[in-house]
Amino acid sequence: MRRAARFLVLSLLAAGPGTAQTAGPSGAALAASCISCHGAAGAGAGSIPAIAAPDAGALFARLAALRDAADQGPQIMPRLLRVYSDAELQALAAYFAKDRP
Amino acid sequence: MSLQRRSFLTGLGAMPLLARPLAAAPLARVVILGAGFGGASLARFLRAAAPGVSVTLVDRQDARMTCPFSNGVIAGLWPAAEISFDLSALRAAGVTVITAEVTAVEPETRSLVLADGRRVTGDFMVLSPGISFDWQAIAGLTPETSLSMPHAWTAGPQTLALRDQLSALPEGGRVVIGIPRPPFRCPPGPYERISLIAHALKTRNPRAKILVLDGQDSFSKQRLFEQAWAALYPGMIERIPAADMGTVIGVDPKNHVVSTAFDDHKADVASIIPQQQAASLLREAGLDRDDKGTALGWCPVDALSFESRRADGVYILGDAALQGEMPKSAFAANVQAAACGRAILAKLGGSAPAPTVLLNVCYSLAAPDYGFSIADAYAPRDGRMALLAAEGRTTPIGETAQVYAAEAGYARSWYNSFTTALYG
């Protein structure tokens with residue numbers, strides 16, 4: 001948890017003038033839309049699964065597979081993930097991997 | 001307060017980065033109007049991300065009911081206690097909460113004027129007061145007469161009044177639901193209300209009927225709702241769209257009659273939802289004007305920061321904001337608050353906020369164990385919030401009962417997680 005907080009505040013501070021375009025997507029900014037359902041730590045809630053994972057690479061692969069599945073099925077996540085670039089999914093994966101309990 | 005939340009706050013409180021010693025002046029003062037989903041989310045965000053920023057939250061009341069899940073209270077499916085919260089957790093998180101009536105908003109000084117004459121001024125002022133009703137739109141409907149035909153579109157006494165009237169519906173009685181012209185808070189909300197009332201009546205009053213007088217022609221998640229109504233409540237719901245003169249233009253509360261341009265409808269119980277606009281405090285302050293000075297009814301904002309187009313240092317979140325294509329939903333107000341909070345902290349740090357994707361997920365229940373969702377992504381484009389993918393936005397139709405049951409479970413999980421994070 002503490003590491004997550006540090007990451008959040010550091011990433012807030014990291015964006016100095018003019019860095020927005022070069023720094024790449026902010027995982028913390030993107031994650032603000034995820035935690036509404038998945039909880040502040042990404043640990044899941046009720047029947048909503050966890051996003052937090054120990055390994056950012058594996059989490060990115062999971063998110064990308066949900067996004068790219070040929071049969072998207074009825075679930076929510078493919079509908080949401082279809083708009084995200086690889087860079088955005090990598091930023092999210094890094095954020096929630098660091099956010100593991 | 002959950003253990004997880006407590007450790008989250010403790011962890012953030014230990015962060016020295018944006019914190020200052022208690023005696024020092026705050027890095028900045030943020031004053032927030034409205035402790036609903038927009039205001040409470042922003043207060044939480046700032047306390048967690050920047051403990052050195054002082055946060056003052058003003059709302060007229062400490063106790064509150066949420067609009068999400070209020071339709072189930074109205075239908076008698078779960079108790080009001082399940083949607084009832086107060087602001088004690090926000091206080092515990094270090095937010096200065098002032099319970100007071102606000103009589104004026106002063107954009108130029110970033111101040112709220114309270115009923116007792118006090119002024120609350122911030123370096124930044126964030127307004128998230130929600131909606132007010134346009135009582136001119138329906139003849140005979142006033143704030144007073146509305147209690148006999150409750151809109152229940154702000155949760156609270158109206159919610160309980162409608163619940164009680166429905167529980168006394170005569171055998172085989174008629175419920176009339178009046179839906180306004182858009183835009184209004186929670187686009188699928190009226191249709192969820194119709195569904196959950198039908199669910200309750202199906203067992204306790206199966207000959208009862210629901211007449212829907214609709215100021216819209218088409219509506220959110222329409223095919224999903226109509227599929228559910230045909231399967232679950234055949235013959236119970238009749239809907240007259242705007243094109244067939246469904247729009248409510250007048251009421252006679254004494255005789256319980258609801259009128260369209262075409263007909264007068266006798267109701268045993270009526271829920272008439274008026275037209276909506278941004279909270280009157282914001283309109284009176286001129287924050288709903290376009291750049292030519294014309295009143296728009298909703299308050300234009302920059303979609304990246306949610307800063308008002310009319311006043312520097314003033315930010316507007318949630319239902320009151322005119323930001324583009326995001327719906328007026330609890331979920332949207334929450335993610336807008338995070339974007340606004342990041343913009344405020346970026347400004348404090350001398351930088352510009354970077355655009356980011358904002359999501360909106362809205363669940364609706366057609367029955368307690370039958371739900372579906374609309375799930376959308378938005379991003380700022382030319383200063384407005386733009387929908388990123390226009391096709392395939394909802395749960396598909398023709399799915400199995402298990403799919404719809406799972407969505408109902410997600411709806412409840414979201415609600416519990418969301419309200420605990422803000423008020424728990």
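# Exercises on a predicted two-chain model

In this predicted model, R412(B) and E82(B) form a salt bridge in which the closest N and O atoms are 3.3 Å apart.

## Exercise 1: A salt bridge between distant parts of the chain

Determine where the two partners R412(B) and E82(B) lie, and state whether each is buried, partly exposed or exposed.

Step 1. R412(B) belongs to helix α10 (residues 401-423) of chain B, whereas E82(B) sits in the loop between α3 (70-74) and β4 (84-85) of chain B. The two residues are 330 residues apart, and the pair thus links distant parts of the chain.

Step 2. The relative accessible area of R412(B) is 30%, and R412(B) is therefore partly exposed. E82(B) is also classed as partly exposed, because its relative accessibility is 37%, and the class of partly exposed residues runs between 20% and 50%.

Step 3. As background to such pairs, side chains of opposite charge can pair when their charged atoms come close.

## Exercise 2: Further salt bridges

Describe the salt bridges of D116(B) and D164(B), name their partners, and give the accessibility of each residue.

Step 1. D116(B) pairs with R118(B), and the closest N and O atoms of this salt bridge are 2.9 Å apart. D116(B) is exposed, because its relative accessible area is 53%, while R118(B), at 44%, is partly exposed.

Step 2. D164(B) meets R163(B) in a salt bridge with an N to O distance of 3.0 Å. D164(B) is partly exposed at 41% relative accessibility, and R163(B) is partly exposed with a relative accessible area of 28%.

Step 3. In chain A, salt bridges link R67(A), D68(A) and D86(A) in a network. Over all chains, the count comes to 17 salt bridges.

## Exercise 3: The five-stranded sheet and its helices

Work out the strand order of the open sheet of five strands in chain B, and identify helices that lie across its strands.

Step 1. The order is β5-β2-β1-β9-β20 (chain B), and the pairing is parallel. The edge strands, each of which pairs on one side only, are β5 (96-99) and β20 (314-316) of chain B. From one strand to the next, the twist averages 20 degrees.

Step 2. Within this sheet, strand β1 (residues 28-33) of chain B runs parallel to strand β2 (residues 53-59) of chain B, and six bridges join them. To find one place where they face each other, take A28(B), which stands opposite V53(B) in β2(B).

Step 3. Helix α2 (residues 37-49) of chain B lies across β1, β2 and β9 (124-127) of chain B, and its direction is at about 165 degrees to β2(B). Helix α9 (residues 330-348) of chain B lies across β1, β2, β9 and β20 of chain B, and it runs at about 170 degrees to β9(B).

## Exercise 4: A crossover and an antiparallel sheet

Give the handedness of the crossover from β12(B) to β13(B), then describe the sheet that contains β14(B), β15(B) and β16(B).

Step 1. Strand β12 (residues 209-214) and strand β13 (residues 237-240) of chain B run parallel and are joined by four bridges; I210(B) has I237(B) in β13(B) as its bridge partner. The chain passes from β12(B) through helix α7 (residues 222-232) of chain B to β13(B), and this β-α-β crossover is right-handed.

Step 2. The open sheet of three strands has the order β14-β15-β16 (chain B), with antiparallel pairing. Its edge strands are β14 (248-252) and β16 (264-266) of chain B, and the twist averages 25 degrees from one strand to the next.

Step 3. Four bridges join β14(B) to strand β15 (residues 257-260) of chain B, and V251(B) stands opposite V258(B) in β15(B).

## Exercise 5: Backbone details and confidence

Locate the residues F69(B) and D382(B), whose phi is positive, and decide which stretch of chain A calls for caution.

Step 1. F69(B), with phi near 70 degrees, lies in the loop between β3 (64-65) and α3 of chain B. F69(B) is buried, because its relative accessible area is 10%.

Step 2. D382(B), with phi near 55 degrees, lies in the loop between β23 (370-381) and β24 (384-387) of chain B. D382(B) is exposed, because its relative accessible area is 81%.

Step 3. The mean pLDDT of chain A is 79, but the pLDDT is below 50 over residues 1-22 of chain A. Where pLDDT is low, the predicted coordinates should not be read in detail.

Conventions
Residues are numbered from 1 along each chain as its sequence is written. Chains are lettered from A and ligands numbered from 1 in the order in which they are written. This is a predicted model: local features need pLDDT of at least 70, side-chain atom pairs count only at pLDDT 80 or more; totals for chains, interfaces and linings use all residues. Side-chain values use heavy atoms; hydrogens and water are left out. Two strands pair if DSSP finds at least two bridges between them. Axes are lines fitted to C-alpha atoms, for helices over the stretch in contact, and angles run from 0 to 180 degrees between N-to-C directions. Contact means heavy atoms within 4.5 Å. pLDDT is the predictor's confidence in each residue, from 0 to 100. A crossover is right-handed if, with the strands pointing away from the viewer, the path from the first strand over the helix to the second runs clockwise. A salt bridge is a side-chain nitrogen of Lys or Arg within 4 Å of a carboxyl oxygen of Asp or Glu. Buried means under 20% relative accessible area, exposed over 50%, partly exposed in between (1.4 Å probe, protein chains only).
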